[in-house]
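Me: I have this model open beside my notes, and I would like a close look at one part of it. Could you start with the little sheet and then walk me outward from there?

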Amino acid sequence: MEPLSNKRKLIESKPLNFLERAYLPAIAQGLAITMKHFFRKPVTISYPEEKREYSENFRGLHSLKRDENGKERCTACGLCALSCPAEAITMIAAERQKGEEHLYREEKYAAVYEINMLRCIFCGLCEEACPKEAIYLDGPHVESDYLRKDFIYGKDKLVEAPLNQ
Amino acid sequence: MEVADIVIKFVLIVIIFAISLVVAMYSTYAERKIAAFFQDRIGPNRAGPWGILQPLADGGKMFLKEEIIPTNASPFLFIAGPSLAILTACIGSAVIPWGQTITIGTHVVPLQVTDINVGILYIFGVVSLGVYGVMIGGWASNNKYSLLGAIRAASQNISYEISMGLSIIALLMVTGTLSLKEIAEQQHGWHWNVLYQPVGFILFIVCAFAETNRTPFDLPECETELVGGYHTEYSSMKLGFYLFAEYINMFISSAVMATLYWGGYNYPGMDWVLAHTGPTIAPLLGVAVMFTKVFLFIFFFMWVRWTIPRFRYDQLMDLGWKILIPLAIANIIATGIWITFIK
């Protein structure tokens with residue numbers, strides 16, 4: 001057949017010589033290779049005790065940020081929920097009452113803010129959409145659990161710990 | 001025979017039995033750990049420190065699993081298969097000399113259950129019975145994979161037994177006895193038989209791999225082709241017995257190889273040790289040497305398993321009939337010439 005391209009390569013297959021047919025030299029060679037690996041350091045990371053370092057731009061668990069005075073930044077505008085391609089975010093907005101100024105930065109805040117971690121694809125569009133710099137995907141990865149309902153993370157898990165005075 | 005002798009024999013049997021079971025148990029752990037090291041992994045490390053309780057956990061799991069006997073299986077033979085496999089695996093250790101005679105107080109105790117003068121033939125008989133466990137189990141399962149595995153086991157074991165026997169004949173020409181005890185005694189110090197029979201030893205170890213169904217000759221159970229081979233239908237402790245029998249067989253064949261070719265309990269400088277430590281401590285050192293050799297052989301079995309891929313069936317038969325048997329016969333002739341003209 002005419003060669004269709006110039007990439008054709010003729011492969012020579014020589015009959016095995018005596019040493020190759022005797023198996024044993026090849027087996028000894030193989031044993032030497034595996035023995036080299038025997039003394040090599042294991043590549044395993046024993047996960048729960050030892051954690052792999054995340055890369056700089058790793059997108060993990062969401063956290064709702066507080067400002068420098070410890071007030072929640074989120075104003076429940078809903079842009080994150082709107083931008084979410086997986087429709088994982090739901091929220092219920094509420095008006096800030098008198099005496100709650102130290103808790104919330106704006107007059108409106110999210111009374112309920114839930115992310116379904118089974119739906120979330122960790123694309124990071126919510127943090128891009130947020131005008132208040134309130135949500136960041138800067139946590140570790142989502143831990144395993146037994147029930148689906150336990151993967152809907154509320155504010156108790158998402159909001160950053162309050163500032164220590 | 002005095003009562004004390006009977007008690008001592010009984011204790012010896014119990015100890016050897018217990019040791020072979022414990023060694024088999026921890027071989028499963030060692031296999032997984034060594035496999036891990038060969039593959040740059042860590043291996044089981046959750047049950048107990050470094051995972052040393054893993055065999056107990058596995059054994060407990062095996063006992064608690066549901067016992068399934070397939071509807072169309074022959075129930076008697078289905079149970080007889082694993083029983084026979086474990087039985088033949090366990091009785092092989094009876095003729096192996098674990099050490100010299102040891103003096104405890106006034107008693108002189110041989111560290112061997114029984115020294116029959118046809119020890120090697122006994123081992124061969126037990127080994128050839130071992131295949132019946134696999135065959136019966138594979139046939140009784142009424143499953144085509146099991147049957148194929150059983151057929152492979154039968155043909156493979158019969159083919160390799162021939163060259164194993166022939167390689168032993170050359171050894172017997174050198175030693176002039178069938179008793180394992182005498183063979184061990186002849187190898188006093190460093191006069192190990194492997195120095196006189198290197199080809200015979202290579203033949204023997206290749207055949208030992210085939211007889212114990214270890215990689216590269218694990219065709220009877222090869223999971224890539226036959227699901228689980230002869231034990232496809234087995235569950236619970238019956239499966240456990242099959243796996244266990246394989247490890248006991250490995251232990252026994254390591255002990256046989258150490259005794260026949262690598263000097264058994266003998267080591268260079270043993271006379272000096274005997275003169276300096278007395279007749280109680282020195283034989284124990286010999287036992288330790290024997291077990292070191294056995295463990296090295298077990299390690300070698302595992303090392304090979306994680307290095308070499310499995311033979312194809314026709315390659316296996318080619319190797320057995322066209323290479324090993326002629327080589328063994330040539331070895332016999334060469335040994336004969338060597339004994340007649342040079343020695």
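Reply: Happy to! Let's begin where strand 3 of chain A, residues 108–116, meets strand 5 of chain A: two bridges join them, and the two strands run antiparallel. Please keep in mind that this is a predicted model. If you would like one pair to click on, try N116(A), whose bridge partner in strand 5 of chain A is I152(A).

Now zoom out a little. Those two strands belong to an open sheet of three strands in chain A, in the order 2-3-5, with antiparallel pairing. Its edges are strand 2 (89–95) and strand 5 (152–153) of chain A, each of which pairs on one side only.

Next, the cores. The largest nonpolar core has 85 residues, and the members that touch the most others are A85(B), F204(B), C207(B), A245(B), I248(B), F251(B) and M257(B). Helix 10 of chain B, residues 236–260, gives this core its largest share, 15 residues. A second core, separate from that one, has 17 residues, including Y113(A), M117(A), C120(A) and A134(A). Y113(A) is a good one to highlight while you still have the sheet in view, since you can start from strand 3 of chain A, which spans residues 108–116.

Back in the largest core, F204(B) deserves a click too. Setting aside neighbours within four places in sequence, F204(B) is in contact with M164(B), S167(B), M257(B) and Y261(B).

From here, turn to helix 5 of chain B, residues 144–175, and helix 12 of chain B. Their axes come within 8 Å and cross at roughly 10°. Angles under 35 degrees count as roughly parallel, so helix 5 of chain B is roughly parallel to helix 12 of chain B. The residues of this helix contact divide into 17 nonpolar, eight polar and one charged.

Helix 12 of chain B covers residues 313–342, and I339(B) is found in it. I339(B) counts as partly exposed because it has 14 C-beta neighbours inside 10 Å, whereas a buried residue needs 20 or more and an exposed one has 12 or fewer. I339(B) also lies 50 residues from V289(B) in sequence and 30 Å from V289(B) in space, C-alpha to C-alpha.

Finally, how do the two chains meet? Between them, 10 residues of chain B are in contact with 11 residues of chain A. The side of chain B that touches chain A has six nonpolar, two polar and two charged residues.

How values were computed:
Residues numbered from 1 in each chain as written. Chains lettered and ligands numbered in written order. Predicted model: local features only at pLDDT ≥ 70, side-chain atom pairs only at ≥ 80, totals over all residues. Pairing = 2+ DSSP bridges. Helix = DSSP H or I, 4+ residues; strand = E, 2+ residues; numbered from the N terminus. Contact = placed C-beta atoms within 7 Å. Nonpolar A, V, L, I, M, F, W, Y, C, P; charged D, E, K, R; others polar. Core = buried A, V, L, I, M, F, W, Y, C linked by C-beta atoms within 7 Å. Axes fitted to C-alpha atoms, helices over the stretch in contact; angles between N-to-C directions. Parallel < 35°, antiparallel > 145°, perpendicular 65-115°, else oblique.
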